Amino acid sequence: MITATVRYRLPASIDKEACRRHFHGIAPGFAEAKGLLSKHFIWSESGWAGGVYQWRTLEDAQAFYSGPWRAGIVARYGMEPLIDYYEVFARTDNERGNVGTY
């Protein structure tokens, strides 16, 4: 399992509520992303936003981020997204009451 963090700086024209509305509108479309287990849409008062993604494989993540998604980020926010990949060794899921090791 892979966790990817994606960040980009929001232009001044996109405030917290505009970001929330945009994320609410696009969230359902991520259900179709190959290999995506979950995504948290994130926003910070510092002016940065993005996502924390859980992927089945690094290949799934890299394929997604190299496609049309990346061009959309650059067009909307005017910068390349900052992406970091992490291999997940263990996970505690209190909502489901389980712990997994990988």
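The following exchange concerns a predicted model and the terms used to describe it. Local features need pLDDT of at least 70 and side-chain atom pairs count only at pLDDT 80 or more, while totals for chains, interfaces and linings use all residues. Residues are numbered from 1 along each chain as its sequence is written, and side-chain values use heavy atoms, with hydrogens and water left out.

Biologist: Why are W69, I73 and Y77 in helix 3 called buried?

Modeller: Buried means under 20% relative accessible area, and exposed over 50%, with partly exposed in between (1.4 Å probe, protein chains only). W69, I73 and Y77 are therefore under that lower limit.

Biologist: What puts these residues on the same side of helix 3?

Modeller: They cover an arc of only 40° around the axis, so they share one side of helix 3; the arc is that of the directions from the helix axis to the C-beta atoms. P68, A71 and A75, on the other side, are exposed.

Biologist: What makes a set of residues a nonpolar core?

Modeller: Its members are buried Ala, Val, Leu, Ile, Met, Phe, Trp, Tyr and Cys residues joined through side-chain atoms within 4.5 Å. The largest such core has 21 residues, and V6, Y8, L10, Y53, W55, Y65 and W69 touch the most other members. Strand 1 gives the most to this core, with 4 residues.

Biologist: Which residues in the lining of the largest pocket come from the chain, and how do they divide?

Modeller: The lining consists of M1, L37, S38, H40, V52, Q54, R91, D93 and R96, divided into 3 nonpolar, 3 polar and 3 charged.

Terms used:
Helix = DSSP H or I, 4+ residues; strand = E, 2+ residues; numbered from the N terminus. 1 Å grid on protein atoms, 1.4 Å probe; cavity = no way out; pocket = protein on both sides within 12 Å on 5 of 7 lines; lining within 4 Å. Nonpolar A, V, L, I, M, F, W, Y, C, P; charged D, E, K, R; others polar.
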